[in-house]
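Please read this report with the sequence and the model side by side. The text covers strand pairing, one buried threonine, unusual backbone sites, and empty space.

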Amino acid sequence: MKTRGITLRELMQLSVLGKARVVSGEQGLDRVVRFVDIMEVPDLKGWISEGVMLLTTAYSIRHDPSLLAELIYTLDNLGAAALAIKPARFLKEIPQSAIDASNDCGLPIVEIPPEIPYTDITQPVTELLLGRQAMLLRRAEEVYRTLTTMVLENSGIQAVTDNVAEFLKAPVALVDPERKIIVSSPADYEWQQESVPLNWSIHVDRRTVAKLLVDKERLDDMEEVGIEQARLVFALELMRRKVAEDTEFRLRGNFIDELLTPPLPTRHEVERRARQLGMNPEHKWEVAVIEGETAPSEETVNRLLEQEAKKRGVAPHAEYRSSRAVLFLPTQEGRKLTAAEDIQESWSKTLEGWLLDKSNGLTNYRTGVGTPEYLWDIYTSYNEARKALSVSRRLGQGTGSVTRYEEMEVYHLLEGLGGPGFERLFERKLGKLLQYDQEHDSNMLLTFYHYLECRGSLIDTANSLYIHRNSVKYRLERIRDITGFDLNDPREQFVCHLCLIYYYLQEK
């Protein structure tokens, strides 16, 4: 423990120094004295400690008193507290150059009467320093015992913070690495309006997990002792919180595995365990599956999910399996939303924003979203999300897209209606177009599919295929020539659209 020691101003109040006087450098009277030592040689580098008050008769520089000014600057650079000198025997008087140097750098020169032995100075000063050290150690033990008792009694991190703020008589806060408040005392203190406060890092598992902020210009010895103990206790609190969160996360994962693996638990059992794990069973839950060629970044997805959870006031959950992230997204029930709020609060819209934002690194992933279900039926939403992904892949939807099962449900049902009937219908309607593609290595079928998906919009079709609008017009004219269809006939559009969906589902 490194304490501040005792200021030179306090030491000058000792009776043994009653006849001593400060010759120069009075601006340095508040320098802290931690040790007392005696100078025997003029070469100080390598053995002077910070905070030392150096006693000397100047014997080692008696033949060249001008060295005293250089000695003053050297002591100042090494962090010394003061130079106490008996000039009468060897110097007769303190050179003016040394006094000027002392006033210049603020290192006090104390003139000691020749009749005072060094031991009369070193003994009481050492006793005073040791007494201060012992007092600080006792105080450190008291502070540590108080704070650790609060931890052992599970008083909570807020109570610990309040205790530290009361001890320091100043506002105190813990902030995470992104400068967000974890806990603060007082709770409503406006930290952003203050100048940069004193701060210390809090480490857990060799990582900086938080910073302790104190809105105070400086701390005294007692307060520094308190801060060191507070840092340790805050680290214990944050470690305990992390262990609790990790344990809860594992228990949630096990619970979800049970919800996704038949035989499923009863509704009553699901409700009971969900409440224990902080998963509100009164909410409906949507399952979203994010997949790509490689696994999505857990750090990125967790960060985005945490930010969105705070906005919505809900507690979602994420599981990572193979190259997929499986998100369990609660939706608050019972709130009446305007149309604008409904769009804003849609998880599908949020996920789409994540995938479109290039800074998130998720543009090469696609997402399937199931319908909202209560937790005891979450297995249904999970399967729907996977089916939505499967259908979207086979229908050629690119990465960066979010597919809701509700949009693909009819396609999934259509997939199960295969057989000779649909094959004959496809051959009759689009067989010639397929043959043309095979003979000319063209994309007429695909163009026709995107044209119908885009509800007849040339611009949207061109964007979907990454070709020019005029190329779309040319291909549609060729499709008319080959099939003989009226492409504006709603019935023909409906039948051809079904045939194309059936073809791509079966083909891929």
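The report below goes through these topics in turn.

This is a predicted model, in which local features need pLDDT of at least 70 and side-chain atom pairs count only at pLDDT 80 or more, while totals for chains, interfaces and linings use all residues. Residues are numbered from 1 along each chain as its sequence is written, and side-chain values use heavy atoms, with hydrogens and water left out.

## Strand pairing

Helices (H or I, at least four residues) and strands (E, at least two) are DSSP runs, numbered from the N terminus. Two strands are called paired if DSSP finds at least two bridges between them.

Strand 11 (residues 207-214) is joined by four bridges to strand 8 (residues 172-175), and the two run antiparallel. Across this pairing, Leu212 in strand 11 stands opposite Leu174. Strand 11 also pairs with strand 10 (residues 198-204), again in the antiparallel sense, over seven bridges. Here Ala210 in strand 11 is the bridge partner of Ile202. Strands 10 and 11 form a hairpin with two residues between them, and Asp205 in the turn has a positive phi of about 55°.

Another group of strands centres on strand 12 (residues 284-291). Strand 12 and strand 14 (residues 324-331) are antiparallel and share eight bridges, with Glu286 opposite Leu329 in strand 14. Strand 12 is also joined to strand 15 (residues 366-369) by four bridges, and that pair runs antiparallel as well. Ile290 stands opposite Thr367 in strand 15. Buried means under 20% relative accessible area, exposed over 50%, and partly exposed in between (1.4 Å probe, protein chains only). Seven of the eight residues of strand 12 are buried, so this strand is largely enclosed by the rest of the structure.

## Thr161

Is Thr161 buried or exposed? Its relative accessibility is 0%, so Thr161 counts as buried. The residue is found in helix 5 (residues 157-168). A polar atom of the Thr161 side chain lies 2.7 Å from the backbone oxygen of Ile157. Contact means heavy atoms within 4.5 Å. Leaving aside neighbours within four places in sequence, Thr161 is in contact with Val172, Val183, Ser184, Ser185 and Phe234.

## Backbone sites

Two cis peptide bonds and two residues with positive phi are listed here.

| Site | Backbone value | Place |
|---|---|---|
| Ser185-Pro186 | cis, omega about 0° | Pro186: loop between strand 9 and strand 10 |
| Pro262-Pro263 | cis, omega near 0° | Pro263: loop between helix 6 and helix 7 (267-276) |
| Lys169 | positive phi, about 55° | loop between helix 5 and strand 8 |
| Asp441 | positive phi, about 50° | loop between helix 13 (420-440) and helix 14 (444-453) |

Lys169 is not a glycine, and at 62% relative accessibility it counts as exposed. Asp441 is not a glycine either; Asp441 is exposed, with a relative accessible area of 72%.

## Pocket and cavity

Rolling a probe the size of a water molecule over the atoms shows where empty space is left. On a 1 Å grid over the protein atoms alone, a cavity is a set of points where a 1.4 Å probe fits but cannot get out, and a pocket is an open set with protein on both sides within 12 Å along at least five of seven lines; lining residues have an atom within 4 Å of a point. Grid points are joined across faces, edges and corners, and a volume is the space filled by probe spheres set on the points.

The largest pocket has a volume of about 1,600 Å³. It is lined by 33 residues, of which Glu245, Asp246, Asn302, Glu306 and Lys310 are the closest to its centre. The elements that give two or more residues to this lining are strand 9 (181-185), strand 11, helix 6 (221-259), helix 8 (298-312) and strand 13 (317-321). Helix 6 gives the most, with ten residues.

Ala, Val, Leu, Ile, Met, Phe, Trp, Tyr, Cys and Pro count as nonpolar, Asp, Glu, Lys and Arg as charged, and the others, Gly among them, as polar. By class, the pocket lining has 15 nonpolar, four polar and 14 charged residues.

How many cavities of 30 Å³ or more are there? The count comes to one. The largest cavity has a volume of about 30 Å³ and is lined by Leu8, Met12, Leu17, Met53, Ala84, Val110 and Ile112. Its lining divides into seven nonpolar, no polar and no charged residues.

Definitions and conventions. A polar contact is a pair of N or O atoms within 3.5 Å; within protein, one must be able to donate a hydrogen and the other to accept it, and residues adjacent in sequence count only if both atoms are side-chain atoms.
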